[in-house]
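User: Hi! I'm new to this one, could you walk me through it?
Analyst: Happy to, let's bring it up first.
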Amino acid sequence: MKNKCEICPRKCGVERCTTPGFCNETEKLRISKIIEHFCWEEPCLSNEKGVLAIFFSGCNLKCDYCQNIEISRGGVGKLYSIEEFTHLLKEKQKNHCAIDLITPTHFSKTLCEVFEQFNKEIPVIWNSNAYETTETIKEISKFVDIFLPDFKYSSNLLSQKFSSCKDYVDYALPAITEMCKQKTDIFDAQGLMKQGVIIRHLVLPNHVENSLEVLDLIKQNFPNRMLSLMSQFTPNGNSCLDRKITPIEYKLVLTHLEKLGITNGFVQDFESANSCFVPNFKN
Ligand code: SF4
């Protein structure tokens, strides 16, 4: 990569071959965790084989409540060359129903190179925070089958407060719009998603209003796409968001969901909000 990095809206302008930007990573793929047969994603994304979940190190947001802070900011993980990562995918893909790329945005360019030389036989999931440019979404659409963006905030004030990001909504909305333009929803005979978009939203404690407004935006902008509402927030001890959501908060969000008539998607059980996090989705 010879160009200065403008992969994401941060547009740091650093030479990623040698210098990490805001995301804390150079262009070389660093992976903090790989979980095989991962079955915690939405039911239409995995069968009994589970997905091959790949957790990339670093992140282009700095959410102070991050549930994976040691991965996103801890600088931990193993470096992989393009050849090594391609080999890993080749070896593992036959045992899984999808490849789940988790927080991959800052490695977009390197991943394009990987998938140019990798003959994939199962869908690739792009599991991101939606703070992305439409140019990057167009580029990665060549190899991504399923977009799984987390639409976090309805307000830039909130994204600035919690994620050091003054323009989250200005980028997330167009990014998800582009994802929807690129991929119509396609399922196989067993109901497994082969291509499409599922928009996630994690309810934050003390911020029901944010969730109601996010749902309004989803209804307005993406009325026919699948939604996945998540209750799993767990405090990390590093944020003023220092408790789980309450049953009343979740009920208020669910009531609004019903009022808007959004029925296409998944709602996580309230009990999912515990530190061992075994999410249980209902549709
Ligand atoms: S990917 Fe990283 S270095 Fe590139 S613009 Fe985004 S935060 Fe900056």
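Analyst: We can talk through pockets, cavities, salt bridges and a few single residues. Keep in mind that this is a predicted model.

User: Great. What volume does the second largest pocket have?
Analyst: The second largest pocket has about 200 Å³. It is lined by 13 residues, and the closest to its centre are Ile-7, Lys-109, Glu-135, Thr-136 and Glu-139.

User: Which elements give two or more residues to that lining?
Analyst: Those are helix H3, residues 108–116, and helix H4, residues 134–140. The largest share is from H3, with five residues.

User: And how many residues of the lining are nonpolar, polar or charged?
Analyst: Seven are charged, while three are nonpolar and three are polar.

User: You mentioned Glu-135. Is that residue buried or exposed?
Analyst: Glu-135, which lies in helix H4, is exposed because its relative accessible area of 54% is over the 50% cut-off. There is also a long-range neighbour to look at: the C-alpha atoms of Glu-135 and Glu-6 are separated by 9.9 Å, with their positions 129 residues apart along the chain.

User: What about Glu-139, does anything meet its side chain, and what would that be?
Analyst: Lys-142 does: the side chains of Glu-139 and Lys-142 form a salt bridge, at 2.8 Å from N to O. Lys-142 is exposed, with a relative accessible area of 63%, whereas Glu-139 is partly exposed at 39%.

User: Okay, new topic. How many cavities of 30 Å³ or more are there?
Analyst: The count comes to two. The largest cavity holds about 90 Å³ of space, and the second largest has a volume of about 40 Å³.

User: Which residues lie nearest the centre of the largest cavity?
Analyst: Cys-5, Cys-8, Cys-12, Arg-16 and Cys-23 do, out of 13 lining residues. By class, that lining has seven nonpolar, two polar and four charged residues.

User: And which residues line the second largest cavity?
Analyst: You can pick them out in the view: Tyr-65, Asp-150, Phe-151, Lys-152, His-201, Leu-202 and Leu-204. Four of these lining residues are nonpolar, one is polar and two are charged.

User: Back to salt bridges. How many are there in the whole structure?
Analyst: A search finds eleven. One of them joins Arg-200 and Glu-42, with the closest N and O atoms 2.9 Å apart. This pair links distant parts of the chain, 158 residues apart: Arg-200 is in strand E8 (residues 193–202), and Glu-42 is in the loop between E1 and strand E2 (51–56).

User: Are those two buried or exposed, and why?
Analyst: Both count as buried, because Arg-200 has 8% relative accessibility and Glu-42 has 0%, and buried means under 20%. Glu-41 joins in as well, since a network of salt bridges links Glu-41, Glu-42 and Arg-200.

User: Which residue does Arg-225 meet in a salt bridge?
Analyst: Arg-225 meets Asp-185, at 2.9 Å from N to O. These partners are 40 residues apart: Arg-225 is in the loop between helix H7 (208–221) and strand E9 (226–230), and Asp-185 is in the loop between helix H6 (168–182) and strand E7 (186–187). Arg-225 counts as buried at 13% relative accessibility, while Asp-185 counts as partly exposed at 26%.

User: What about a buried charge with no salt bridge, which residue is that?
Analyst: Arg-10 is one to look at: it is buried yet has no salt bridge, and the nearest side chain of opposite charge, Asp-167, is 6.2 Å away. The side chain of Arg-10 does reach the backbone oxygen of Ser-163, at 3.4 Å. You'll find Arg-10 in the segment before strand E1 (29–38).

User: Last one: where is phi positive in a residue other than glycine?
Analyst: Lys-11 is one such place, with phi near 45°, and His-37 is another, with phi near 55°. For context, most residues other than glycine have a negative phi.

User: Where do they sit, and are they buried or exposed?
Analyst: Lys-11 is in the segment before E1, and His-37 lies in strand E1. Lys-11 is partly exposed, with a relative accessible area of 38%, and His-37 is partly exposed too, at 42%.

Conventions
Residues are numbered from 1 along each chain as its sequence is written. This is a predicted model: local features need pLDDT of at least 70, side-chain atom pairs count only at pLDDT 80 or more; totals for chains, interfaces and linings use all residues. Side-chain values use heavy atoms; hydrogens and water are left out. On a 1 Å grid over the protein atoms alone, a cavity is a set of points where a 1.4 Å probe fits but cannot get out, and a pocket is an open set with protein on both sides within 12 Å along at least five of seven lines; lining residues have an atom within 4 Å of a point. Grid points are joined across faces, edges and corners, and a volume is the space filled by probe spheres set on the points. Helices (H or I, at least four residues) and strands (E, at least two) are DSSP runs, numbered from the N terminus. Ala, Val, Leu, Ile, Met, Phe, Trp, Tyr, Cys and Pro count as nonpolar, Asp, Glu, Lys and Arg as charged, and the others, Gly among them, as polar. Buried means under 20% relative accessible area, exposed over 50%, partly exposed in between (1.4 Å probe, protein chains only). Lys and Arg count as positive and Asp and Glu as negative; His and the chain ends are not counted. A salt bridge is a side-chain nitrogen of Lys or Arg within 4 Å of a carboxyl oxygen of Asp or Glu. A polar contact is a pair of N or O atoms within 3.5 Å; within protein, one must be able to donate a hydrogen and the other to accept it, and residues adjacent in sequence count only if both atoms are side-chain atoms.
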